[in-house]
Structures are given as structure tokens and as C-alpha cells.
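Take a moment to look over the sequence and the structure together, and then follow one strand and its neighbours before turning to the interior of the chain.

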Amino acid sequence: MKAVAKYRLPSGGHIDRSQLLQFSWGGRTLHGFHGDTLASALLAHGIHFVGRSFKYHRPRGIYTAGVEEPNALVTVGRNGRMTPNLRATEVLLTEGLNAVPQNAWPSLDFDLLSVNNFLSPFLPAGFYYKTFMSPAAWWHKRYEPMIRRSAGLGCASGQADPDSYERRYAYAEVLVVGGGAAGLAAAHAAGQSGKRVVLVEQDWLLGGSLLARTGETIDGEPARAWLAKMQRELAAMDNVQVLPNTTCFAAYEHGMWGLLERLRHHGTEQDKPNAPRQRMWWLRAPRSVIATGAIERPMVFANNDLPGVTLASSAATYANRFAVKPGDRTIVFTNNNSGYVSALSLIEAGVEVKAIVDTRPAPSGAMAQRLLECGVTIFPGHGISRARGWHDLHHLRIAPIDEEGVAQRGGVLMSCDSLAVSGGWSPVIHLPSHQGAKVQWNEEQACFIVAEAPAGMAIVGGAAASFALAQAVQEGATAGASAVGATAPAYGAIHGAEGALDCDSIAWIKGKRGKAFVDLQNDSTAKDLALAIREGYESIEHVKRYTTTGMATDQGKLANVNAIRIVSKIRGLPMNEVGVTTFRAPYTPTTLAAFAGRELDDFLQPERITPLHDWSVTLGAAFEPVGQWMRAWYYPKAGEDMHRAVQRESAAVRESVGFMDASTLGKIEVRGKDAAEFLNRVYTNGMLKMPAGACRYGLMLNEEGTLFDDGVISRLADDRFFISTTTGGAPRVLAWLELWLQTEWTDLEVWLTSITEQWAALALNGPKARKVLQPLTDIDLGHEAFPYMRFREGQVCGAKARILRVSFTGELGYEIHMAPEAAVSVAEDLMETGAEYKITPYGTESMHLLRAEKGFIIAGQDNEGTTTPDDLGLSGLCSTKKDYVGRRGAERAGMRREDRKQLVGLLPENETLVLPEGVPLGAGELTPPFPILGHVTSSYMSPTLKRGFAMGLLRRGHKRHGETISALVKGAAVPCKIVPPMFLDPDGERLRGEDA
Amino acid sequence: MLLIPCPWCGERAEAEFTYAGEGGIARPKNPPELSDQEWADYVYYRHNPKGTHHELWLHLHGCGKYFRVVRDTVSNQIYGSAPMLEAPPAVPERKEV
Ligand SMILES: [Zn+2]
């Protein structure tokens, strides 16, 4: 049996003394009990000093007992489960837990960077902005690595997280946030109605402040018994779901809530091997009861950050909930009544309280009387002018103060090892604030409260500055009942904490020496705030950013109100006029893994594959993602790299025949008596006179007059078309066409249907295409019988098919559309009949190369957001006889300027060179800085031309054919000849194919 | 996440919808006769009110219909929705806060 830790009280607490747990802290082996937090287990051993501060690397201790903890940030777990920046006050102690301190280099006790503390005259407010101004080049090399090393907010493990995270959507009539007395009463009252109620509590224990105090009674029974009864009764209600270990981290619009449920604590992985680590709930609940309680504020005085200083209520929590005494000799420093409540509660738990230092000149009342009876010295009208110690608190200088909080001469030096401070209370109003609730200063309770709760939200208990237990319970019950349209149950006598704080406005004791911290996590001091104001920062939002007060991971849960108070005093403004900074989600840090859930790796986004995908896989194809599609990129033969495969495939199409999987083309059927009229309005070219059986290449513009999408329109019948879109553009084009039909031309009778997945497609191209396909189809493929830009219906390999005689390569081409289930057998038959012509499957890369040789554009690659059809040399496709979407936009003067970027062909003088796509174009030697006149959009090595060639957008490009321009390649100017974007067969002779 | 009342499907989560811009903008009947400024007014200029806003939404992962919504851009309160062929929903008189 291990010796009981020195500061563990002999009895009491919500801990299980039969479960002794061993854990490791920075390599030291220690013990605690089940029910401890890491923080309480450390304090039981007298360990206060757990980390170093952000900027000055000062020793810091465990300051609180909850989520507001600014100092005790630790790294917990091993390997992939290692998690940085956990608050020791929230980490459940488990057997074998491995925790290490952060922000200390090389070790906690000997920290080289603590020299910052002595350099502090050089690290004033705004030091980031002032110090790191110049030279700019130093930023990356010196400042940033230095700040990163010394900033010390833990490190990621660098390994994959082995755990899974879940997401769940749910609905409840009422959400109750907070499982303290008020929240329990609310959930219980709402639950009686039988409606769906969810109660969330961030702690693993319900009870809130009831766990930290003794001697309270509710409904005539001890608070602990009432708590147990409520838990029992809530568990028995099928309609009520109680979620402990769950943080409501955000309130969104229309009753949407973000909840993070922690299902596995560090060190319990082996108990639940298949459980997710965390579950993200997206809960829709139109009504809510916010019973989130309040957070105590620190006092601001010199060296108020020494290990051994804690919040008064936290000290009481450690004594009562965890049976840990904060020290052997405790002093309480307060500016309000709650310091007395905590002092009494410490004494009842068996902690020696030596003195109470109270800023108020004449504290009185029953509590003061009782404390005097317990032998506690009370110092009214006093403050602590300075705490002393190095790694731990030793002494306090207690001095009389004037009405401005300035420490006067005199006073006493008292020894102690623990100081419990209370600077008043701040209601937790983050969730209403997320929903834009106006916040105002309440002078009576000295805190910010919500002026008007957002619709559907009721704020009760400590969150509404109702600090009296009786009031909190009654408010909770009333709000819970009224959320379900019931009347509140009546409670019997409630005896507990009083509500009135009588809080003094003095929270800052101005002494002569030492740093008085306002924001413990970001190391900003009262002097920093004063300096910021002297330097002209007035708005609280500016002061906050300049001093970084409230901008650390705790988001100023402890610091904000004191900062506003100090600014209010310096500027002589009422609190409401200083204003509050805005609270934003999440309330406490939330892991990204929980947001990602299972949408990782293969589940990141759906992958669309074509009916020919597996067939391509067996041929050894390499794939590239295009939108959500996986497309066959090239089909390498043994020993071939991408370049060789593409050269072979492209040459085969030019010399003989090849085919590619074109199933990903977006396809939309357009049907109805006004179908032609509709298409006539959205395409640049005329569609009205197009006969059935014809195909047309068309451009769609947006109203600005720039290219939106392109594709082929085929007329099946008078009232029936099908159009193709770019692979990635199909959903966008469909939504856009629907927009016109549904909102603008509601009189047109047209229906649109996406048929992308209903038709697989193969593009067969090359001079031998007719020879290969003819044996497989009943359609006469003769040049006269089936001319270019025509379309026929019939059979291919016995399957119903639509064949388009179109070409994206410049060769004789047939686009074969067929049922998806027929695609593989058609491909196999093509391979067979094409064998004598060495038919070659080709991928998207060869398709890109072949079309570029003909100067065909890829919408989305050879244009940019401002490119018009005229810029692309496609004004011939734009009708001058009708209005269409984008015509007026493209006719604006600026859209017709001669110096616009226009599509050109580029031939590098060095014929073996392939320009990288995207490189800038300019004149001459291209010595930086030089004016960029355009860029390369497409570039390939042509097996037919036996040279590199490219296309690009170039200023005044249409008028520069024959000139030379430079492309910037790896810092060198590469001369290129500007040519028309047409490298092969300008007269289209090859479109006929052989045997025409 | 907003709860958007589709006139055809009822209240559904925002994730099912796509915002489709300001509502109540009609394509001019005579584009060639418009000045560049008039054309720009139609194509580019939009209200950006702090308060009630007439919007178009598309129930993309639902019925596929575009419809009108009137929403308060500050509070995100939605005053109602209407099919395209009906008038936009009325905004109740504003309560003084
Ligand atoms: Zn719908």
C-alpha cells in the first residue's frame, strides 16, 4: 500500500479511495485515486508548479479546477494518441496515464527561456508588432522559429491518430446546457412532459457547484442526496438523454447546437477497444435552457501568477470534491462575499485558513462573524501588494489600499503556501453570445449578463447572475417547465449559497514593483493595458489585439472582465461604454478530428468511376481525378513512363485508330415544345434551324460575356435534345439551366434531366475508325450517309447506341453512347476488330495533346474568368442575329479591347523543349520585375510535329502572329514564336478518314 | 445551420440547399438597348442590406426547385418562403428593440 499523498485530506470527496491509480508526470511516478483529475492528483502531492508562461516563461501553477484553466496545459498520452494542450483540470486520472508539462525547454525546473522574465522591459505590449517589424527577411529565418520554439503550446505527435471519431445528428424539444443544480432542475421539469430532452454536462459528474460545497440542502434533503435522486429520476425517463463528458461548444442559428461528447478518456482505450474517441453531435433543439454557471475572476496584483495562487472557489472544489487541501496555510484574498463562502467551505473540509484580505473597507455579516470565530484574521480595506516566491508561493505583502486600489505604506508580510483569490464572478454567457445576444454590465453583481435572451433560449442560475442556490434551482425548474408549456414544480426549502456578492470595483492592486497579470495565459499585464491606451488604442477590440489579452486558447475566460475593468478605470468610462469583446465558437478548444469524423482517406469525398473503370484497371491504366471522377490518364505498357505512353497513344490515333472512355462527359436531356427556343437563348450560336439528327458545338456564356461552359448539342427530335458538358461542369450547368427556366423564362415548356450516368461513352478516333466500327454496327458509316457533325441512332454490338460523328482530335471520330452495361463488351469488340490496325486505348493526357494540336480549347484550362469567345478566336460561333445570355456583356467596350489576353499558339525556338504550363510570358530578357503579358495554358510534346508546342493567353495575341515572345522557365527567358493556335491540318482534311 | 422552409418539402437543413443570389432581379427585356451602366446594374449591383433581404435558394439535394426566401441578415430570422411564381413573403412590421 502506498503512503497517502501529503495533501490528501483523510476523508471526504467524490473520489474512490479503493481504486489507487499510478500515473506518470514528466517521468515521475505518482499515485492518485479514481475520481481525481490530473490536477487534483498533482495537488495532492503538493505539486503546484506545472508549466511555464507563454511569453516570460515564469513558473505557473494550477490556477483553477475547470475548463477556464489558463496555466496547467499538459500533453497527455503516447504515440498517435498524444494530445497537447489539455487542461490538467479536465483530464480524468486513469491507470498508467502519461502526462508531461509543456512550454519548458529543456526542463520545467531549469528553463533557459525564463531569461525572458528579466528581459521583460524589452517585451512590452505590442512587442510582436514593434519588435518584429524589420527587416522583413528576418521574419521567416529568425523571428518565426524563435517565437514558435518559445511559444510552447505543445506539439502534435506527428503520427496518425489511431482512434475514430463519429458524427451524429439528433433532435430534441429542449436542450439543457449544464448539469448543475439549475440545469438538473430544468431537465427534470422539462422531462416530466414526456418530450425529448437532452441534458449536457462537460464534466463527467453532474452537480456543478454542489460538488464543491458542503452543508447545502434542497427540498429539505442534503444536496448530495438530492443530486443522486435527480440522476436516478432522469435516468428513468426514456425521453431524457443525459450526456456527461459533453461540451456544448457552439450555438448556431435556428436552434442548431454543436456538442462534443468525449467517450474515451486517455488511458481507457483498452476498456472500450471499438468505441470512438469522441462523438460530434449536431443537435437541433428549438428551445434551450442555458444553465452554464459562472466562472470566478482572479485579482490583479504583483506576482499574482505564482504557483500556489488559485481561485478561491477552485480551492474549495479541491478540498470538497477531491479531498485535497491547497496548502498547509491558506490566505484568502477577495473583493466580494463569495471569498467568505469559499473560506468557510475550506475550513469545514479541514483546511487551515489564516486570514482573509478584503478590499472592501467594512465587510460584515454572518460569514465574517463565523470566520472570526474560527480564528481567521480579517484585513478589511487591504489588498495584496505583492506575492513572493520563486517556484512556489512563500509570503504575501498585505497592505492597506486607497479607494483607487493603490497600496499604501505599512501593512504586514505574512507567510503562507496557498492563496485563494476571488475577484467576483462572470456568468458563462458564451452560447447566447454566439447567437448575437446583447450583453450589458450589471452593476449590482458586477458582471456582464445577457440583456435579452435570443428566441427560444432561457438563461438561468449562475449564467444569469443568480448566484443564490435557491434562486438558481427555481429559475431552472421554471425555465424547464415553460420550455414544454408546463408550470414549474414547487420546491421545498433550499438552503445554500447566498446570491448577493457585494462586489467591490477594485480588482487591481497597484503596487510599485512586480508584474500584475491580467491574462495569465498570454502573459499580458495591467501595465500593458495602460501602455496600449497611452499609445492611442481606445477600442477594447484594439486593446485586446495589441496586448493579445484574451486571445489565447482560453479566450480570456478569466481575463476579459478584469481587462475591461482596468480599461474602464484608466479611460474613466462606464463598463457598458468600454464594451465587451465578442465571444465566438467553440467555447472550449475542439479537436479537428471530431469535426472531420469519418470523412477521412477513402471517405473524404465520393469517388465516381465509369462503367469502363475496371476494364481500364486490367489494362494497367494510370488514373487522374477530374472533379469527383477518376479518369484513365494513360495506359502504360511494360517499361513505359507517362511520356512514352502518351507519345505512343497519340501517334496511334493520328496514324491508325484509338479510343478513349468518354463516359464522364456531362449529359443533359432537354425536352419540351420550347426546347429549341430555350437552347437558342443559352448558347451563343443559333439552335432554331438545327435539323433532327444534327450536332453542333456550342458555347455558353455568363451574363458578363465570358465563357461558362462548352459542349455538343444533338437534336434527337423537334422537341428533344441532348447536350454534353465538360466533365467537371455538369452539375453547375444543370443548376444554371434550371435557374433560367425556373426563375426567368417560366413560360417555356422545357424539362431537363441529367443523363450522365445513363449513357456510357467511347470516343473512337483515327483514320481507320470507320473500318473498325463498321463491322460492329447496323448504321451506315459512309462519309456521305453519315456526314461530320451528324448523329445517328442504331445498334453497336447488339446494344442500343447513339453515335455522334464529332471529333476532338481532328481525326475521323465517332462518339459512341450506349447503356452502361454494354460498355465493356463494346470496348472488347473494338479491341478485337481493331486488332489488325493496332487499335490503341488512350487516356485523358493523349486526348489533351491531340486536341491541342488542333487548337481546341479545354474550358477551364485555356481560358480564365475574363476570357470571351472573341479572345479565344471563337467569335464565329456567336450569332449576331439573336440575343443570348452573355451577348450584351461581351459587347461592352472593355470586352473588345485589342490589348486583351487572347489565345495564341507558341512554338519554342528550342524544338525539344516543352514549356511548363502556367509559366508567365513577357518581352525580352524577363529580368524581374517585368510586365507579365500572359501565360502558357497548355503545353505538350507532339509526336506528329516532332517538337514541343503550346497555347497561351497573351495580350494583343491575335495581332502578334509571327512575333517572338519570351516564356519564363526556371528563371530563364525562353524565346517562342507566336503562331495561330492551329498546328495541324488547318483545312480539316483528316476529318474524312480513310475510305471516305 | 439554418433551417430553410422549402415551399415544396418543408423545413430542411441548410446543407441541402444552395444560395442562388439576391431575389427579385429580372433579366432586362431589351439588352442591346441598355447602356453599360444599366447592364452593370443588372449583372453586378446587388443590395447588401443589414436587415431583411429577398433571396433565392435552390433545394439542390431535395426537390431541385428555386424559390424565394426573405431573411434578416442580422438575426438570420427567416420570414417565410414562396415559389418563384408567387410574391415574396411579407415581412412583419419590425418591433422596436
Ligand atoms: Zn424542396
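In this predicted model, strand S37 of chain A, which covers residues 666-671, runs antiparallel to strand S40(A), and 6 bridges join the two. One place where this pairing can be followed is A:Val670, which stands opposite A:Phe721 in S40(A).

S40(A) also has a partner in strand S39 of chain A, residues 707-717, with which it pairs in the antiparallel sense over 4 bridges. Here A:Phe721 appears again, as the bridge partner of A:Arg715. Between S39(A) and S40(A) there are 2 residues, and the two strands form a hairpin. Is S40(A), which spans residues 720-725, mostly covered or mostly open? Strand S40(A) is mostly covered, since 5 of its 6 residues are buried.

From these strands we can turn to the nonpolar residues of the interior. In soluble globular proteins, nonpolar side chains tend to be buried together. The largest nonpolar core in this model has 174 residues, and those with the most contacts inside it are A:Val176, A:Ala186 and A:Val460. Helix H4 of chain A, residues 181-191, gives the most to this core, contributing 8 residues.

What does A:Val176 touch, if residues up to four places away in sequence are not counted? Its contacts include A:Gly183, A:Ala186, A:Ala187 and A:Ala190, and also A:Val197, A:Leu199, A:Val289, A:Ala291 and A:Gly480. Apart from the largest core lies another core, of 101 residues, and among them are A:Ala621, A:Leu701, A:Ala763 and A:Leu776.

Methods:
Residues are numbered from 1 along each chain as its sequence is written. Chains are lettered from A and ligands numbered from 1 in the order in which they are written. This is a predicted model: local features need pLDDT of at least 70, side-chain atom pairs count only at pLDDT 80 or more; totals for chains, interfaces and linings use all residues. A residue is buried if 20 or more other C-beta atoms lie within 10 Å of its own, exposed if 12 or fewer, and partly exposed in between; C-beta atoms are placed from the backbone. Two strands pair if DSSP finds at least two bridges between them. A nonpolar core is a set of buried Ala, Val, Leu, Ile, Met, Phe, Trp, Tyr and Cys residues joined through C-beta atoms within 7 Å. Two residues are in contact if their C-beta atoms, placed from the backbone, lie within 7 Å.
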